[in-house]
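Welcome! Here is a short briefing to help you find your way around a structure you have not met before. Please keep the view open as you read.

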Amino acid sequence: MKFTLSWLKDHLDTTASVEEIAEALTDLGLEVESVENPLDALKDFTLGKVRSAEKHPDADKLRVCLVETDEGDKQIICGAPNARAGITVVVAKPGMYIPGIDTTIQVGKIRGVESHGMMCSEREMQLSDEHEGIIELPSGEVGERFIDWLAEHDPARVDPVIEIAITPNRPDALGVRGIARDLAARGLGRLKQQEIEPVAGEFASPIGVTIDASLKQKGCPLFAGRLIRGVRNGPSPDWLQKRLRAIGLRPISALVDITNFFTYDQNRPLHVFDADKVEGSLRIHPAKGGEEFLALDEKTYRLEPGMMAISDAKGIESLAGIMGGEQSGVTGETVNVFVESAYWDPVTIAATGRRLKINSDARYRFERGVDPAFTLPGLEAATRMILDLCGGAASEVVLDGAVPDTDRAYRLDTDRVQRLVGMEIAADEQRRTLEALGFRIEDGMAQVPSWRPDVQGASDLVEEVARVASLTRLQGKPMARARVGVPAPILTPMQIRERDARRTCAALGYNECVTYSFIDAASAALFGGGGAATRLDNPISSEMSHMRPDLLPGLLQAAARNQARGFADLALFEVGPAFHGGEPEEQHLQVTGLLVGHTGPKDVHGSRRPVDVFDAKADAEAVLAAIGAPAKVQILRGARAWWHPGRSGMICLGPKKVLGVFGEVHPKVLREMDVKGPAMAFTIWPEEVPVPRRATTTRPALNASDLQPVDRDFAFVVDAGVEALALLNAAQGADKELIDSVRVFDEFSGEKAEAQMGAGKKSLAISVRLQPTGKTLTEKEIEAVAAKIVQKVNAATGGVLRS
C-alpha cells in the first residue's frame, strides 16, 4: 500500500515529519517497507543567478556563464539553449552527486575553458523527463536551498511516498483514511472530519439492478448504482494524475482515475460502465458454467459454476468484485456512465480470483473485506467528484439488497490490559484510544466500527489499546516464583533419561537422526507392525501408511540412503516413540543405535575392523549406565525375529524385565530394506529401567571396600552345545553378596579337546572375583563359595570341574 505525505494530510492534520510518521506506522503494526523522499537526493542543490552568458570561444552551442552563488561568482559552461543572463537557476557545485545522470561532477575543462559546477535541468534532478533546457525559476534568493523553494512553491514535486505492508487482518489500512485514523489515535495529528453530502438525483435511472435471491444472503448483500449523463471523459486534472503516478498507477482517463482514487483513498473499489453499451438492466447472478468473458485486461476467461457475474440483456458485462468487461468499458467517447458500488462476499471473491488467476486492486480489497457501511456514501462521494471533474447530471440511486448487519459489541474490561499484555494503561486512556479508532463506548460495551472485521472479541479490544499505546512501553520483568527458595526441577525423570541417553549416544560418536513416525506397510510388517490398529486413515503417501512399531526401520532407511550416496561407515541413533497400537497410551519410548561398516578409516596401525556384536553391546551398556540402570544385569536369548538368532541378546533384570536388546540385524531384514550388511544395532527402553528408591540430584557415595578381593579360576567340562552365558549366570547366582563379577577367559574345544575330555565335550574357564565387605575371607569361607559355584554350574549345565 503506497501513499504520499500530501495525500495523508488530506485526512490528517499533522506537523509530524516523514521519519516520525514512518516510525509510528511500524510501531502500530503497519510496517513501513520503504520511504521514497525526493528531498534526500536534492538537499544539497542551491539557487544561483546568471550574471552573464557569453559565447564559448571554441564552440558555437556552448556558453560561458558567470553565476552568482552563495560561495561567490562561479564560471560554469552550459549548453542549454535557454542559458542567458538574469535567470534564476539550480546550481550543482563540484563534488555533488547528480541523480538524473548518476554522476558526481568535478571541476573540469570543456574545450579549454574551466567549468566550476553545473546548472541543472528537470531530468537531471529526476523531477520529470524535461531536458530541453535548464530550470528557470520565477523567484528565489541566491543561496536558498532548492528543496525549500520547492516545498513553498511546488510541494507536489518533493512529496515523499511511503509504502507499508498490510497484514490480512487490517483491510481498513488499505485506504489512506484508515492509515490516518491510526496515526491520529497514536497522537500524531487530528483526523479531519469527512462530510459527504448526498447528490440529489435529477431523473430516474433507466438502468435498474437486481440481485438473484441465491446471492442476497451471502454473495452480494448490496448492489447500488446511478446513471450520470453528459460527462466529458478527458484526462484527469494534474493533481490527480500526479497522485496516481506517485503510487505507481498510470493515469488513463478522468472516470477511471476517479475510481482508482477512491480505491486507495477510502478502500472503496468502484466500477463505471459505459451506459450506452449496456442493454436493459443489470443482474447479479451466479454463473452457470462455461460462459466466456472478455475482461479489461484483454484476456478471455471461462467462468465456472457459482462464480458471481454482472450481466445485462446481452450477457456478462463484469466479473463481480474483480474486474470489469472490455465490452462495456469507458473510453474517450463515453458520455453516459453507470457508476457501481457494491459489497461482495470476501470468500466468494477470493475463490473466484484464485480459480481464474486474476489479480486486481478490487479483488485484493474485497477478499480482505471493505467497509459495507461505506457502500452508499462511497457512491455519493464518487458521484460528486465525477460531476465536478467531468460534468453531467446524475440520476437517482438504484439499489437492491441492504447493508449487511455487522453490529457487535464486546465488554471493555480496562483491567484486562495488565493481565494480558503486562502494561499499565489508565482506563480513560483506553476509552479515548478506542473512540479515536472509531469504536463507540456505551455502558461499558465497545461497539465495533463496520470497517474493522478483524475485531472479533474482547481480547481484540485489548490488542487495539496496547497497539496504539505502543508495545515498546513493555518492560521486562522476571516471573514471580511459585515458592521461595530453590525452584523445583522442571524436567521429569523420563525427560532426564531421554536427555542423558541422547547425550551419551552423541558422545559415543553416533549421529542423531529424526525420522518420520510413519513408515510403509512392508517395513512395518518386518518389525512386528503393519496391522489395522496402526494404519493411518489419511496417510501423506503410500510410503507413510502406518505408525512405526520400532525406531530401527527408520534408521535402516537412512542407512540405505547414505550407502546409495557412497557413505559406507555409519553410526546413527534416534530417540523417540514407537507405537504398538492406535490409542494414545499405546506408545513407548525407545533409544536405538545402528552401526554399519567399519569402526573407522584406514590407518597405518591396522586398527580398522568391521563392527561386531560386542560394539553394539558395549554402547548399549553405556547408555543404560547413563540413565541409571543397575550394573548387574543378565544377557538372555529370545530377541524378536528381526534380530539374528545366534548373534543377539536381551539385557534383562530377570526373564520378564527386559531393559534392552542388542545384536546383529537379521540378514533377511537387511535385504528387504536394501542395506548392505552386516549391521549391528541396539534398542533401549528407558521406561523399563527401575526408578531409584531414593531420588537425588547428586551422585551416590562411592561404595568401595578396603578389603582385598579374592580371584578364583574354574575350568568346567561341559557339552559342546552349552552356552557360556548359561554357565556365567549359574556361577553369578551362587552367592550374590560376595561374588562381584564373573567372566570367561578361555575356551578349549575341537578335536584336541574331545580327545582329552570325550566326544561332544569342551572346556570353559571362568574367573570369579569375590569382594568381602565386613571382614577378610578365610580359606574355609572361600572354599565354601567355590563349592556352591561348582554345584550351581553342575545343576544348570551338567558341567564338572576339569581335572
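The points below cover a pair of helices, the nonpolar cores and one buried residue.

This is a predicted model. Its largest nonpolar core has 72 residues, and a second, separate core has 39. Elsewhere in this briefing you will meet helices H8 and H11, whose axes come within 10 Å.

**A pair of helices**
- Helix H8 spans residues 254-265 and helix H11 spans residues 375-390; their axes cross at roughly 145°.
- The crossing of H8 and H11 is right-handed.
- On the H8 side, the contact is made by Ala254, Leu255, Ile258, Phe261 and Phe262.
- H11 contributes Ala381, Ala382, Met385, Ile386, Leu389 and Cys390.
- The residues of this contact comprise 11 nonpolar ones, with no polar and no charged residues.

**The nonpolar cores**
- Within the core of 72 residues, those with the most contacts inside it are Leu8, Ile21, Leu25, Ile164, Ile179 and Leu183.
- Take Leu8: leaving aside neighbours within four places in sequence, Leu8 touches Phe3, Ile21, Val176, Ile179, Ala180 and Leu183.
- In the second, separate core of 39 residues you can look for Val278, Phe293, Leu319 and Ile349, which are among its members.

**A buried glutamine**
- Gln241 is found in helix H7, which runs over residues 238-246.
- Gln241 counts as buried because its relative accessibility is 16%, and buried means under 20%.
- Apart from neighbours within four places in sequence, Gln241 is in contact with Pro235, Ser236, Pro251 and Asp257.

Notes:
Residues numbered from 1 in each chain as written. Predicted model: local features only at pLDDT ≥ 70, side-chain atom pairs only at ≥ 80, totals over all residues. Heavy atoms only, no water. Axes fitted to C-alpha atoms, helices over the stretch in contact; angles between N-to-C directions. Helix = DSSP H or I, 4+ residues; strand = E, 2+ residues; numbered from the N terminus. Left-handed = near helix turned anticlockwise from the far one by under 90°. Contact = heavy atoms within 4.5 Å. Nonpolar A, V, L, I, M, F, W, Y, C, P; charged D, E, K, R; others polar. Core = buried A, V, L, I, M, F, W, Y, C linked by side-chain atoms within 4.5 Å. Buried < 20%, exposed > 50% of the residue type's maximum accessible area, 1.4 Å probe, protein only.
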